[in-house]
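Biologist: Could you take me closely through one part of this model, the pairing of charged side chains, and then show me how it fits with the surroundings? I would like the reasoning spelled out as you go.

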Amino acid sequence: MSAATVDARADDLWARHAMADGRIESAQRGVPAGSMAALTSAVAKWQGDSATLFGRLVDHGHGLRAGAAAYERTDDDGATAIAAAERSELDLGL
């Protein structure tokens, strides 16, 4: 999975959860006071969970990018070492 795919999933999660939050908040009108306290608490927890999940996805995207950069550096370093070996005179003592 690419970092761009993870970013897209994170953005989708954030947008869909924000829409759900909006629908829940608009549905709270007319809810009895006792139920309102429980619903408000549940919504706050869900919003916190959404933020945590979004943050984890963002972190995974950063990790994938960092891994790709490390692989690229390793490939570049290997290519440089091979090119240097080609240019050097190697005496195998044969």
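**Charged pairs and their surroundings**

Modeller: Asp 12 is a good place to start: with a relative accessibility of 36%, this residue counts as partly exposed, because the value falls between the 20% below which a residue is called buried and the 50% above which it is called exposed. Please keep in mind throughout that this is a predicted model. The side chain of Asp 12 meets that of Arg 16 in a salt bridge, with 2.9 Å from N to O. The two residues are four positions apart in helix α1, and therefore about one helical turn separates them. The partner Arg 16 has a relative accessible area of 52%, so it is classed as exposed, whereas Asp 12 is classed as partly exposed.

In general terms, side chains of opposite charge can pair when their charged atoms come close. The structure holds three such salt bridges, and the one between Arg 16 and Asp 12 has a counterpart in helix α2. There, Lys 45 and Asp 49 meet through their side chains, at 2.6 Å from N to O. Lys 45 and Asp 49 are also four residues apart, so about one helical turn lies between them in helix α2. Asp 49 is partly exposed, because its relative accessibility is 33%.

The salt bridge between Arg 65 and Asp 7 has another arrangement, with its closest N and O atoms 2.4 Å apart. This pair joins distant parts of the chain, since Arg 65 belongs to helix α2 and Asp 7 to helix α1, with their positions 58 residues apart in sequence. Arg 65 has a relative accessible area of 40% and is therefore partly exposed, and Asp 7, at 26%, is put into the partly exposed class as well.

A second kind of side-chain contact links these two helices. A pair of aromatic rings is described by the distance of the centres and the angle of the planes. A search of the whole structure finds one aromatic pair, and it is made by Trp 14 and Phe 54, with centres 4.9 Å apart and planes at 45° to each other, which is a tilted arrangement. Trp 14 lies in helix α1, which covers residues 3–27, and Phe 54 lies in helix α2, so the pair ties together parts that are 40 residues apart in sequence. Trp 14 is partly exposed, because its relative accessible area is 42%, and Phe 54 is partly exposed too, at 23%.

The backbone gives a further view of how the helices lie. Ala 51, a residue of helix α2, is 9.6 Å from Leu 13 between C-alpha atoms, although 38 residues separate them in sequence. Ala 51 is partly exposed, since its relative accessible area is 36%.

Other pairs of positions are separated by much greater distances. Ser 26, found in helix α1, has its C-alpha atom 63 Å from that of Ala 81, and these residues are 55 positions apart along the chain. Ser 26 has a relative accessibility of 36%, so it counts as partly exposed. Thr 80, which has its place in helix α2, is 51 Å from Met 19 from C-alpha to C-alpha, with their positions 61 residues apart in sequence. Thr 80 is classed as exposed because its relative accessible area is 51%, a value over the 50% that the class requires.

A separation within one helix completes this comparison of distances. Tyr 71 is also located in helix α2, and its C-alpha atom is 49 Å from that of Ala 38, which is 33 residues away along the chain. The relative accessibility of Tyr 71 is 62%, so this residue is exposed.

Finally, there are charges that are grouped by like sign. Glu 72, Asp 75, Asp 76 and Asp 77 form a negative surface patch, and residues in such a patch take part in no salt bridge. Asp 77, one of the members, is placed in helix α2, which runs over residues 33–87. With 53% relative accessibility, Asp 77 is exposed, because that figure is over 50%. Asp 12, the residue we started from, is instead paired with Arg 16 in a salt bridge.

Note on methods: Residues are numbered from 1 along each chain as its sequence is written. This is a predicted model: local features need pLDDT of at least 70, side-chain atom pairs count only at pLDDT 80 or more; totals for chains, interfaces and linings use all residues. Side-chain values use heavy atoms; hydrogens and water are left out. Patches are made of residues with over 30% relative accessible area and no salt bridge: like charges are joined within 9 Å, nonpolar side chains (Val, Leu, Ile, Met, Phe, Trp, Tyr) within 5 Å. Accessible areas come from the Shrake-Rupley method with a 1.4 Å probe; for residues, only the protein chains shown count as cover. A salt bridge is a side-chain nitrogen of Lys or Arg within 4 Å of a carboxyl oxygen of Asp or Glu. Lys and Arg count as positive and Asp and Glu as negative; His and the chain ends are not counted. The place of a charge is taken as NZ of Lys, CZ of Arg, CG of Asp or CD of Glu. Buried means under 20% relative accessible area, exposed over 50%, partly exposed in between (1.4 Å probe, protein chains only). Rings of Phe, Tyr and Trp (its six-membered ring) pair if their centres lie within 6.5 Å; planes under 30 degrees apart count as stacked, over 60 as edge-to-face and the rest as tilted.
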